[in-house]
Amino acid sequence: MKTTQLLIPTQKEAPNDAQIISHQLMIRAGLISKLASGLYSYLPMGVRVLKKVEAIIREEMDKAGSQEVLMPVTQPAELWQESGRWNEYGPELLRFKDRHGREFCMGPTHEEVITNIAAQYIRSYKQLPMSFYQVQTKFRDEIRPRFGVMRSREFIMKDAYSFHLDQASLQQTYDLMHQTYCKIFDRLGLDYRPVLADSGSIGGDASHEFHVLADSGEDEICFSNESNYAANVEKVAFAKQVQTCRPSAQELEVITKKKTSINDVAQFLSVAPSSCIKTLIVKTSAGFKALALRGDHELNEIKAHNLLGEFELATDEEIKSLDLKKGFIGVKGLGIDLLVDYSASNLCDFVCGANEWDKHLTGVNWQGIEFSEADLRNAVEGDDSPDGKGKLVIKRGIEVGHIFQLGTKYSAAMKANVIGEGGKAVTTTMGCYGIGVTRVIAAAIEQNYDDRGIIFPESIAPFQLVIVPINYNKSTRVKALADDLYQLCLEAGIEVLLDDRKERAGIMFADSELLGIPHRMVLSDTHADNGNVEYKARNAADKIEVKFDDALAFIQAKIN
């Protein structure tokens with residue numbers, strides 16, 4: 001195509017509300033246009049990128065044997081009530097009524113709809129396993145949309161669902177989808193990690209997230225420096241370490257002069273935070289509990305929730321009602337159940353609160369204290385990898401994909417049964433597999449940019465090649481060469497953009513680099529004289545002179 005035929009509204013400056021680089025560059029490159037908070041229109045160049053991402057996803061999903069469907073964005077409340085999620089999902093579910101007073105929602109996901117389809121049309125075990133996918137718009141009423149399309153209210157997702165007779169069949173498809181996702185993200189040119197993850201509001205028994213590594217990522221992921229182990233920081237599980245504690249210090253009560261934080265207490269006593277114990281008081285349905293962790297560790301709320309059910313931190317008044325002193329809570333004489341993290345239970349001669357104002361205890365040991373143990377903490381950099389190989393490295397990641405083993409959470413509630421081999425009804429077992437299509441574009445940019453703009457992976461760039469003819473509208477020789485090269489590229493199936501605008505060379509160069517087009521060829525009167533074309537790759541500093549007669553073969557080799 002020619003630039004004058006396209007809407008490419010590039011900008012020199014990003015809007016003030018664009019906080020991360022992908023948001024800034026997508027606006028500046030004219031890929032998207034903001035309509036309202038969390039709502040974006042995709043402009044022609046953005047659509048070209050979007051369609052390439054979708055095409056790769058479709059090709060790999062088709063290869064995996066999944067069937068494409070398309071389900072409505074608008075979903076009736078009855079389905080969500082049947083699954084039990086109508087009141088569980090939260091305010092992100094946009095609910096509304098039609099003119100007849102019937103309740104609907106804008107679908108944030110489609111488990112209910114696909115399960116309803118399966119309940120109607122999958123009748124026999126002979127039809128299983130069977131999987132379906134769609135590329136469809138979703139809506140989640142985010143309380144604070146931010147970071148452009150990274151966390152918008154309306155977005156495009158590829159979501160897939162599989163139905164099985166038993167867990168063994170589900171595991172086969174789950175493993176296949178894991179491999180398929182790796183192929184997709186490899187083809188998209190992303191540096192990513194699949195990690196063990198929590199299933200969250202979707203539910204289910206097992207899940208993996210796929211994270212693109214980027215400093216702007218909202219999630220922390222852990223992976224071993226010596227093995228393939230990887231997990232969301234909240235999902236890293238630690239086993240109890242058998243360690244013999246040999247106390248050597250005498251327990252003493254010391255005045256700590258209103259020092260209440262672990263760091264302040266540790267500094268005041270000249271000890272490491274890892275030699276201190278912090279005690280949190282939480283309120284559960286069974287009453288108050290005390291949770292003790294090492295001073296340098298943080299509570300993992302998901303692990304605590306799995307152990308205690310719903311809980312919340314006790315208020316100052318509630319702590320006071322237990323005759324405890326906030327900032328000086330220890331592990332002795334609490335009067336409530338004490339749950340100690342594995343790492344904390346291995347400490348000897350530690351520091352903890354004395355349950356009196358301005359006082360802490362030193363040289364404390366666990367002998368004589370009644371408590372139970374559990375894995376309560378988040379992972380930290382340098383922890384031993386849970387698989388026993390190497391140390392954990394922590395990096396930030398952008399979640400672009402998530403796969404779940406749902407089990408029978410939806411199929412049982414919505415009666416998605418089949419007639420089994422023995423003639424009896426069997427509840428199907430389900431899997432769920434999502435990719436944030438629009439988020440993938442932002443994640444790719446977060447990994448691939450420089451001070452001049454986007455450096456798109458070749459597989460998803462809006463064009464493969466841009467031809468920049470200097471003085472195209474003034475020099476008949478330049479115009480003839482540019483048109484000939486453009487036509488040759490079109491006939492060879494190369495996605496080529498000819499910049500035929502009446503602009504200065506600097507502006508054309510800047511726009512091509514901002515847009516992230518991988519290959520550029522420049523023609524000028526000088527090149528008309530010497531019979532060459534100037535070539536430059538977007539991610540390279542050097543320019544190369546190529547004979548015009550060899551230009552097509554040269555660029556074909558570069559693209560291939």
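How much volume does the largest cavity in this structure have? About 70 Å³. Before I go on, keep in mind that this is a predicted model.

Okay, cavities. The structure holds 2 of them at 30 Å³ or more. Around the largest cavity you'll find Thr3, Ile8 and Thr10, then Val466, and then Leu497, Asp499, Arg501, Met508, Asp511, Ser512 and Leu515. If you want one element to look at there, pick helix α13, residues 505–515, which supplies the largest share of that lining with 4 residues. Sorted by class, the lining comes out as 5 nonpolar, 3 polar and 3 charged residues.

The second largest cavity has about 60 Å³ of space. Its lining is made of Val466, Ser512, Glu513, Ile517, Pro518, His519, Arg520, Lys536, Ala537 and Arg538. Helix α13 turns up again here: together with β29 (519–523) and β30 (532–537), it gives two or more residues to this lining. By class we get 4 nonpolar, 2 polar and 4 charged residues. Val466 and Ser512 are worth clicking on, since they appear in the lining of the largest cavity and also in the lining of the second largest.

Now, hold on to Arg538 from that second lining, and let's move to salt bridges. There are 44 in the structure. Which residue does arginine 538 meet in a salt bridge? That's aspartate 450, at 2.7 Å from N to O. Arginine 538 sits in the loop between β30 and β31 (543–547), and aspartate 450 is in strand β25, residues 449–450, so this pair ties together parts that are 88 residues apart in sequence. Is arginine 538 buried or exposed? Buried, with a relative accessible area of 4%, while aspartate 450 is partly exposed at 22%. And the pair isn't on its own: salt bridges with shared partners join Asp450, Asp451, Arg452, Glu513, Arg520, Lys536 and Arg538 into one network. Go back to the second largest cavity and you'll see that its lining includes Glu513, Arg520, Lys536 and Arg538 from that network.

Two other salt bridges I'd like to show. In one, the side chains of lysine 283 and glutamate 312 meet at 3.3 Å, N to O. That one also links distant parts of the chain, 29 residues apart, with lysine 283 in strand β14 (residues 277–284) and glutamate 312 in strand β16 (residues 311–313). Lysine 283 is partly exposed, at 28% relative accessible area, and glutamate 312 is partly exposed too, at 44%. In the other, lysine 325 pairs with aspartate 323, and their closest N and O atoms are 3.6 Å apart. Here lysine 325 has a relative accessible area of 18%, which is under the 20% cut-off, so it counts as buried. Aspartate 323, at 56%, counts as exposed because the bar for that is over 50%.

Last stop, the nonpolar cores. The largest has 63 residues, and those touching the most other members are Met26, Leu31, Phe185, Leu188, Ile441 and Phe456. Take leucine 31: beyond its neighbours within four places in sequence, it contacts Met26, Ser41, Tyr42, Leu43, Met45, Gly46, Ile445, Ile454, Phe456 and Leu515. You may recognise Leu515 from the lining of the largest cavity. There's also a second, separate core of 23 residues, with Leu128, Leu406, Met414 and Val418 among them.

Definitions and conventions: Residues are numbered from 1 along each chain as its sequence is written. This is a predicted model: local features need pLDDT of at least 70, side-chain atom pairs count only at pLDDT 80 or more; totals for chains, interfaces and linings use all residues. Side-chain values use heavy atoms; hydrogens and water are left out. On a 1 Å grid over the protein atoms alone, a cavity is a set of points where a 1.4 Å probe fits but cannot get out, and a pocket is an open set with protein on both sides within 12 Å along at least five of seven lines; lining residues have an atom within 4 Å of a point. Grid points are joined across faces, edges and corners, and a volume is the space filled by probe spheres set on the points. Ala, Val, Leu, Ile, Met, Phe, Trp, Tyr, Cys and Pro count as nonpolar, Asp, Glu, Lys and Arg as charged, and the others, Gly among them, as polar. A salt bridge is a side-chain nitrogen of Lys or Arg within 4 Å of a carboxyl oxygen of Asp or Glu. Buried means under 20% relative accessible area, exposed over 50%, partly exposed in between (1.4 Å probe, protein chains only). A nonpolar core is a set of buried Ala, Val, Leu, Ile, Met, Phe, Trp, Tyr and Cys residues joined through side-chain atoms within 4.5 Å. Contact means heavy atoms within 4.5 Å.
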